[in-house]
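This report covers the enclosed spaces in one structure and the residues around them. Start with what lines the main one.

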Amino acid sequence: MNTTPATDSHATEHGLSTVGYVRIALILAAITGLEVSTYYVDFGRLFLPALLIMMAIKFVMVVSYFMHLKFDNKVFSWLFYTGLVLAVGVYCAALATFKFFG
Amino acid sequence: MVLAVSAAHKRDDRSTNLWILITALLGTTFVGGQVYEFTAFYNEGMGFSTSLFSSSFFVLTGFHGVHVTVGIIMLLALRGMLKNNKVPGSRSETVEMIGLYWHFVDIVWIIIFTLIYLIPA
């Protein structure tokens, strides 16, 4: 039985199709597999940058597609990523006070 | 979770309920894995105050596990409310709000997984 109010203005379709979401999930699973492979395969000097880049790609994909930021107003993207950059900046500044980088 | 949100936007109640239940079950599996992991580490001698790493590990992953548990409770409560038509206002927006919480916990795990589990101390 569907009892959704007629005034449900947010019920319009936005985002990807079911196939699209499954495709994103498979890509995320593949990247996770690659991440885990770094534990067993020697990536040399690329080890840390590769892990951080894969982490960032997964992060952006979940935020963009699963949290619908890509399909929402750009203001939300600005708010989200500004907060994120600020948080990372504060974190790095705090680490610098402990001489973490040198 | 995203499929539950998608189904809610399409007003497909059956799929919404199904995907919410599957999400809650997968979340429960995750928390079960954490309980197993914590127990195994403790039995092998890695307690909360063993080292700086162990303290950081248990605090970060433990807090995340608590948030997943809260998410599971929210999902099950949502499922009950949807079934009993007790959701005030827009159903799809309510599912989406809980979906946003769930995926926020998700992106935190993406960071924790790399920093704690994959990058050597």
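## Largest cavity: lining

The lining of the largest cavity splits into three nonpolar, four polar and three charged residues. Here Ala, Val, Leu, Ile, Met, Phe, Trp, Tyr, Cys and Pro count as nonpolar, Asp, Glu, Lys and Arg as charged, and the others, Gly among them, as polar.

In total, 10 residues line this cavity. Nearest its centre lie A8(B), D13(B), T16(B), L82(B) and R91(B). In chain B, α2 (13-43) and α4 (91-118) each give at least two lining residues. Helices are DSSP runs (H or I, at least four residues), numbered from the N terminus.

## Model and volumes

This is a predicted model: local features need pLDDT of at least 70, side-chain atom pairs count only at pLDDT 80 or more, and totals for chains, interfaces and linings use all residues. Residues are numbered from 1 along each chain as its sequence is written, chains are lettered from A and ligands numbered from 1 in the order written, and side-chain values use heavy atoms, leaving out hydrogens and water.

The structure holds two cavities of 30 Å³ or more. A cavity is a set of points, on a 1 Å grid over the protein atoms alone, where a 1.4 Å probe fits but cannot get out; lining residues have an atom within 4 Å of a point. Volume is the space filled by probe spheres set on the points, which are joined across faces, edges and corners. The largest cavity has about 70 Å³. The second largest has about 40 Å³.

## Second largest cavity

Chain A lends F66(A), M67(A) and H68(A) to this lining. Chain B adds V2(B), V5(B), E96(B), G99(B), L100(B) and H103(B). The largest share, four residues, comes from α4(B). α1 (2-9) of chain B also supplies at least two. By class, the lining has five nonpolar, three polar and one charged residue.

Key:
1 Å grid on protein atoms, 1.4 Å probe; cavity = no way out; pocket = protein on both sides within 12 Å on 5 of 7 lines; lining within 4 Å.
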